[in-house]
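Thanks for coming. I will take a few residues in turn and then turn to the chain as a whole.

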Amino acid sequence: TQKYGEAADYLRITYGENSKDLKALTQIGYCYMMAGKTADAEKFYTSANQLQPQNLSILFSLASIAAKRGNNNKAEGIYEEIIKIDSNSFSAYKQLANLQTDLISVKKIKYLKKANKLNALDADVVFDLAEIFLKSNFNSMASNILEPALKADSTNIQLLKIKLPLCLV
């Protein structure tokens, strides 16, 4: 992290505080983010976002920074903005589901279902969604989403762990 911090400081001095160079702004933001200096990273990514407002890479970085800084509402808003730009962004739906604090909420289920529809083989999404289905006694729905993921990765411990209660029913 020290090297990233030094690189960010060097780039900041080289390009200046108020640079209009998109590449420089994102590189400085990235270096600060990797150095753990999220407030500084956010400043540079925000400047980059002002230059190019619908850049998905910049928006994902801003959302990640907001989540790391504990501002889940802001992160959720940014991920929603990403979905408006790219309604098939698996990563945005997955992150939106992860931001939901209630294990079983309408929003979490909606985001997990959409993420699962976009990528039915992602073990994390399948596990989370199957767990919700099991707790809601929708065993057949849990089984339906679990089977394709297990076919793709039959030794995934996480998926096998969620399949066990289905075998006992």
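E42 counts as buried, because its relative accessibility is 11% and the cut-off for buried is under 20%. This is a predicted model, so please take every value here as computed from predicted coordinates. E42 sits in helix α3, which covers residues 38-51. What does the side chain of E42 pair with? A polar contact of 2.4 Å links it to the side chain of R69. R69 also appears among the contacts of E42 once neighbours within four places in sequence are set aside; the others in that list are L62, I65 and K74.

Next, A67. This residue belongs to helix α4, residues 56-68. Is A67 buried or exposed? Neither label applies: at 29% relative accessibility A67 counts as partly exposed, since that class lies between the 20% and 50% limits. Not counting residues up to four places away in sequence, A67 touches N72, A75 and L99. There is also a distance to note for A67: Q95 is 28 residues away in sequence, and the two C-alpha atoms are 9.7 Å apart.

Now to A92, in helix α6, which spans residues 90-99. The relative accessibility of A92 is 0%, so A92 counts as buried. Which residues is A92 in contact with, leaving aside neighbours within four places in sequence? They are F60, Y79, I82 and I83. For a distance across the model, take A92 and Q50: they are 42 residues apart along the chain, and their C-alpha atoms are separated by 21 Å.

Further along the chain is F133, in helix α8. F133 counts as buried because its relative accessibility is 6%. If residues up to four places away in sequence are left out, F133 touches K113, F138, N139, M141, A142 and I145. Against that, the C-alpha atoms of F133 and Y15 are 52 Å apart, with their positions 118 residues apart in sequence.

One backbone point, at N137. Where does N137 sit? It is in the loop between α8, residues 123-135, and α9, residues 139-152. N137 is not a glycine, yet its phi is positive, at about 60°. N137 counts as exposed, because its relative accessibility is 64% and the cut-off for exposed is over 50%.

Now the chain as a whole. The protein has 10 helices and zero strands, so read from the N terminus the order of elements is α-α-α-α-α-α-α-α-α-α. How does the radius of gyration compare with that of a compact globule of 169 residues? The protein has 20 Å, while the globule would have a value near 15 Å. Along the principal axes, the C-alpha atoms fill a box of roughly 65 × 30 × 25 Å.

On burial, 40% of the 169 residues count as buried. Of the contacts with a separation of 6 or more, 45% are between residues 24 or more positions apart. The accessible surface is about 9,400 Å², and carbon and sulfur atoms account for 52% of that.

Last, charge. The protein has 21 positive and 17 negative charges, and the mean positions of the two sets are 2 Å apart.

That is what I have. I am happy to go back to any of these residues on the screen.

Conventions:
Residues are numbered from 1 along each chain as its sequence is written. This is a predicted model: local features need pLDDT of at least 70, side-chain atom pairs count only at pLDDT 80 or more; totals for chains, interfaces and linings use all residues. Side-chain values use heavy atoms; hydrogens and water are left out. Helices (H or I, at least four residues) and strands (E, at least two) are DSSP runs, numbered from the N terminus. The radius of gyration is taken over C-alpha atoms; the globule rule is 2.2 Å times the number of residues to the power 0.38. Buried means under 20% relative accessible area, exposed over 50%, partly exposed in between (1.4 Å probe, protein chains only). Contact means heavy atoms within 4.5 Å. Accessible areas come from the Shrake-Rupley method with a 1.4 Å probe; for residues, only the protein chains shown count as cover. Lys and Arg count as positive and Asp and Glu as negative; His and the chain ends are not counted. The place of a charge is taken as NZ of Lys, CZ of Arg, CG of Asp or CD of Glu. A polar contact is a pair of N or O atoms within 3.5 Å; within protein, one must be able to donate a hydrogen and the other to accept it, and residues adjacent in sequence count only if both atoms are side-chain atoms.
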